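Please open the model in your viewer and keep the sequence panel visible. The stops below are meant to be selected one after another.

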Amino acid sequence: MAQVEVKVKLDLPPDVELLGYERSGDGHGFEVKFPVPDSCRCEKCGREEPSSYEYKNTVYVVRDLDLWGQPSFLIFQPCFHRCSRCGHRQEHFAPFKRKKVMYTYRFEEYVLRMLIGSNEEEVAARLGISAETVELIVANQLKDEKRIEPSRVIKHVGMDEISLKKRHKLYVTVMTDLTDPESPKVLAVARGRDRAAALECLGKLTPEQRAAVETHRVDMGKVYGSVCSEQLPNSRLVVDRFHVAKQFNKVVDDLRKKNHAEVQGPDVEGGAEAVPVVDVGVPPRSEGPEARGTRGVGSAVRGVARVEGRV
C-alpha cells in the first residue's frame, strides 16, 4: 500500500507543547503539556512554597477548534499541589481554558462568531454540543472583563449582534478585530444591540486605537454605523457582505412569493410512476462537513481517553 506523508501546521494555544496525536472516528486528539509555576500559594492557608506536583492517572479531554471540519480535542494530565502546612490539595489549571468547563477559550470565541446570523440551537447542532453549553459560553463571555492591550494595532473592526434564541429578544453585541481575516479576534461583548452596547464595546479601545481603525464592518441598521462613525474618526463604513446577501435573498424570496401563482399557473395533477429513480437525478443525502464532524464526537472522546497514563 502506498504511503503519503502529510504535514499539518497546527495552531496551538500559547506555551502549549504537542506530545502526540491520536485519531478516533471523526475526531482528532492531541496530547499536550504546558508549563507549570515553580512555586504555589495555598488558596486555603495562604502559604507559598516550592511546587510539588502530583499527576492523576486519568486525563482531561478538552474541546478545541475544529480541524478540517472535524472536532479536535486537547488531552492532558491534570496536576495538583499539596500544601505542606495544611495538606490542602489544589489543582493547577490549564492556561487555555476556564475552570469547570471542558473547552478552550478560543473555542468559546469560535462559538460566538458562529452565532452571528444564527441562534444557539442551530450552532449547538452544528458543533455537536448542547444549547445549554452555548448559552453558558455567552454568559461567561459577558461576565469576563476583556482587556485589550493598548499596544495592539487594530485596523479593521466588525460589530454584529447575536440572538440566543429564535423569536426571543435576547441580543448581545460582539466587536471583533478583523485585521487578520484568517484569525479574527473577539475584542468585546456587551448585552443588548443598542447604542449603549456599541459604546460599551468601543470604549474598551484607547483613543489612539480608535484613530488607527481604517474600516468598520457592520450590518445595515442605523445603530452600529452611526456610533462607529462618531467614535472612529478615520474609519469608513463597510457593509458586511453577509448582511447584503441576506437582504438580497429576502427581496428575491418576497418577489418569488408574490409572483408564484402567476408563474406556476394552474396545478396539473399526475404521477411519475413511470420515471425510474435513477433518471430523476436526485443525489443521495449527504451529511455535510458539520454533521460528519459532530457524529463522531462521542467516539472521539472515548477513543482519545484511552491515552491515559501516556501523556
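Select arginine 106 to begin; this residue of the predicted model lies in helix H1, which spans residues 105–114. Setting aside neighbours within four places in sequence, show what touches arginine 106: the contacts are Asp11, Leu12, Pro13, Asp64 and Leu65. Pro13 is 93 residues away along the chain, yet the C-alpha atoms of arginine 106 and proline 13 are separated by 8.5 Å.

Now add aspartate 11 to the selection. Its backbone oxygen lies 2.5 Å from a polar atom of the arginine 106 side chain. Aspartate 11 also forms a salt bridge with arginine 106, with the closest N and O atoms 3.5 Å apart. Aspartate 11 sits in the segment before S1 and arginine 106 in helix H1, so this pair ties together parts that are 95 residues apart in sequence. Is aspartate 11 buried or exposed? With a relative accessibility of 55%, aspartate 11 counts as exposed. Bring in Asp64 as well: Asp11, Asp64 and Arg106 are linked in a network of salt bridges.

**The whole of H1**

Extend the selection to all of helix H1. Which of its residues are buried? They are Arg106, Phe107, Glu108, Glu109, Val111, Leu112 and Met114. That is seven of the ten residues of H1, so the helix is largely enclosed by the rest of the structure. To see what does the covering, display strand S6 (60–67), helix H2 (120–127), helix H3 (131–143), S10 and strand S12 (185–191), which are included in the cover over the buried residues of H1.

**Arginine 98**

Step back along the chain to arginine 98, in the loop between S9 and H1. Arginine 98 has a relative accessible area of 13% and is therefore buried. Apart from neighbours within four places in sequence, the residues in contact with arginine 98 are Tyr105, Glu108, Asn140, Gln141 and Asp144.

Show the side chains of glutamate 108 and aspartate 144 next. The arginine 98 side chain makes a polar contact with the side chain of aspartate 144 at 2.7 Å. With the side chain of glutamate 108, arginine 98 makes a polar contact at 2.8 Å. The side chains of arginine 98 and glutamate 108 also meet in a salt bridge, 2.8 Å from N to O. Because arginine 98 lies in the loop between S9 and H1 and glutamate 108 in helix H1, the pair ties together parts that are ten residues apart in sequence. Glutamate 108 is at 0% relative accessibility and counts as buried.

**Another salt bridge**

For another charged pair, select arginine 47 and glutamate 49. Their side chains meet in a salt bridge, 3.1 Å from N to O. How do the two partners stand with respect to the surface? Glutamate 49 is buried, at a relative accessible area of 9%, while arginine 47 is partly exposed, at 31%. The structure holds 15 salt bridges.

**The S8–S9 hairpin**

Move to strand S8 (residues 79–82) and strand S9 (residues 89–92), which pair in the antiparallel sense over four bridges. Pick phenylalanine 80 and look across to S9: its bridge partner there is glutamate 91. S8 and S9 form a hairpin with six residues between them. In the turn, select glycine 87, which has a positive phi of about 80°.

**Helix H6**

Continue to helix H6 (residues 223–231), where Tyr224, Gly225, Val227 and Cys228 are buried. What covers these buried residues? The cover includes strand S10 (156–163), strand S11 (171–177), helix H4 (195–202) and strand S13 (215–218). S10 was already on display, since it is also among the elements covering the buried residues of H1.

**A surface patch**

Switch to a surface view and select Val4, Val6, Val8 and Trp68, which make a nonpolar surface patch of about 460 Å². Within this patch, valine 6 belongs to the segment before strand S1 (17–24). Valine 6 counts as exposed, at 59% relative accessibility.

**The full chain**

Finally, clear the selection and view the whole protein chain. Its secondary structure comes to ten helices and 14 strands. Of its 311 residues, 38% count as buried. Among contacts with a separation of 6 or more, 56% are between residues 24 or more positions apart. The chain exposes about 19,400 Å², and carbon and sulfur atoms supply 51% of it.

Methods. Residues numbered from 1 in each chain as written. Predicted model: local features only at pLDDT ≥ 70, side-chain atom pairs only at ≥ 80, totals over all residues. Heavy atoms only, no water. Patch = residues over 30% accessible without salt bridge, like charges linked within 9 Å, V, L, I, M, F, W, Y side chains within 5 Å. Areas by Shrake-Rupley, 256 points an atom, 1.4 Å probe, with all protein chains shown as cover. Salt bridge = Lys/Arg side-chain N within 4 Å of Asp/Glu carboxyl O. Helix = DSSP H or I, 4+ residues; strand = E, 2+ residues; numbered from the N terminus. Buried < 20%, exposed > 50% of the residue type's maximum accessible area, 1.4 Å probe, protein only. Contact = heavy atoms within 4.5 Å. Polar contact = N/O pair within 3.5 Å; in protein donor to acceptor, adjacent residues only side chain to side chain. Pairing = 2+ DSSP bridges.
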